[in-house]
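Q: I should like a close look at a single part of this structure, with its packing set out residue by residue. Please then place that part in the context of the whole chain.

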Amino acid sequence: MFALQRDLNARQREAAMFGDGPLRIMAGPGTGKTTTLTARVQVLLERGVTPERILLLTFTRRSAREIVNRVRAIRGAEQARRVLGGTFHSVAHRTLRRHHAALGLPDGFGVLDHGDAADLMDLVRGEMGISSRERRLPKKATLAALYSRVVNTGTPLVEIMREDTPWCTDSAEEVASIFSGFMTRKHALGLLDFDDLLLYWRAAVQDVGLGEQLGAAYDHILVDEFQDVNLLQLDVLVGLRRLDPRLTLVGDDAQAIYGFRGASPRFLLDAD
């Protein structure tokens, strides 16, 4: 038994030693969720699971590094380093680079960060002659946030605007045209934004042939802070695990912080 496992309480040890079926771990702050998840990764390695076939999804690069570093301290640097870990967006990026041709993406496509995406959207708005001086329209950062919420939640634009920017709901048609021009410009330039990374990843895992290949690449998928998953990310996970139940979810429904982009603790509470 690893030293870390000896430090676990009975419930933590039960979760770490769980078998191959779906596992949901719910616990409050300061109860050792990260320690338990780290121990579960160690148990999987001890059982002979190949490191490259373990996928650890987190919401920050720091979280992924912390768990891998903890495993490294017990299991050895080389084996722990081979565990695949990262944020949803970074793993999506790696996946799209590898399978860009099958998804109709250009080799060497670029990725816009949030600031660049907002700037490009503002440029498109200017070229379309849609002026904020003539109509009450959101500024570029708000436009980008609206666009992201629509993409991540699948909610119609008008409903999002009624909730987030009720003062300019009558400009929904103009905002929709800006979004359309933004998507057209990205495609013409061979660019993706962060939301596109998840959209294309979902398309990949939902494809009959490619989706099975991507899902079969992992024996176990572990997701930290699952209360912050949104509908788009949930679709990705469902696609990856539709033929394999080996999924571990860790979270605290009271600590959800990404509701502004469609995350909901209900996905954690309702997980089967």
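Which residues are exposed on the other side of helix 9, away from its buried ones?

A: The model is a predicted one. In helix 9, which spans residues 157-164, R162 and E163 are exposed on the side away from the buried residues. The buried residues of this helix are L157, I160 and M161. Viewed along the axis of helix 9, these buried residues lie within an arc of 100°, so they line one face of the helix. The general geometry of an α-helix is relevant here: with 3.6 residues a turn, residues three or four places apart point the same way. Among the elements that cover the buried residues of helix 9 are helix 8 and helix 10, the latter being residues 172-189.

The packing against helix 8 may be taken next. Two packed helices are described by the angle between their axes and the distance between those axes. For helix 8 (residues 140-153) and helix 9, the angle is about 125° and the axes are 10 Å apart. Because of that angle, helix 8 is oblique to helix 9. The handedness of this crossing is right-handed. Helix 8 contributes L146, R149, V150 and T153 to the contact, and helix 9 contributes L157, I160, M161, E163 and D164. Sorted by class, the residues of this contact are five nonpolar, one polar and three charged. L157, I160 and M161, which are buried, thus take part in the contact with helix 8. E163 is exposed, yet E163 is also among the residues that meet helix 8.

Helix 8 also packs against helix 10, the other named element in the cover of helix 9. The axes of helix 8 and helix 10 come within 11 Å and cross at roughly 80°. An angle from 65 to 115 degrees counts as roughly perpendicular, and helix 8 and helix 10 are therefore roughly perpendicular to each other. On the side of helix 8, the contact is made by L143, L146 and Y147; on the side of helix 10, it is made by V175, I178, F179, F182, M183 and K186. By class, this contact has eight nonpolar residues, no polar ones and one charged residue. L146 of helix 8 takes part in the contact with helix 10 and in the contact with helix 9.

As to context, the chain holds 14 helices and seven strands. Of its 272 residues, 47% count as buried. Among contacts between residues at least 6 apart in sequence, 74% join residues at least 24 apart.

Three further residues illustrate other parts of the chain. H99 occupies the loop between helix 6 (88-98) and strand 4 (110-112). H99 is buried, because its relative accessible area is 13%. Apart from its neighbours within four places in sequence, H99 is in contact with L210, Q213 and L214. S90 belongs to helix 6 and is partly exposed, with a relative accessible area of 22%. S90 and F59 are 31 residues apart in sequence, with a C-alpha to C-alpha separation of 9.9 Å. E225, in the loop between strand 6 (220-223) and helix 13 (231-240), is partly exposed at a relative accessible area of 24%. Most residues other than glycine have a negative phi. The phi of E225, however, is near 55°, a positive value in a residue other than glycine.

Methods. Residues numbered from 1 in each chain as written. Predicted model: local features only at pLDDT ≥ 70, side-chain atom pairs only at ≥ 80, totals over all residues. Heavy atoms only, no water. Axes fitted to C-alpha atoms, helices over the stretch in contact; angles between N-to-C directions. Helix = DSSP H or I, 4+ residues; strand = E, 2+ residues; numbered from the N terminus. Parallel < 35°, antiparallel > 145°, perpendicular 65-115°, else oblique. Left-handed = near helix turned anticlockwise from the far one by under 90°. Contact = heavy atoms within 4.5 Å. Nonpolar A, V, L, I, M, F, W, Y, C, P; charged D, E, K, R; others polar. Buried < 20%, exposed > 50% of the residue type's maximum accessible area, 1.4 Å probe, protein only. Arc of directions from axis to C-beta.
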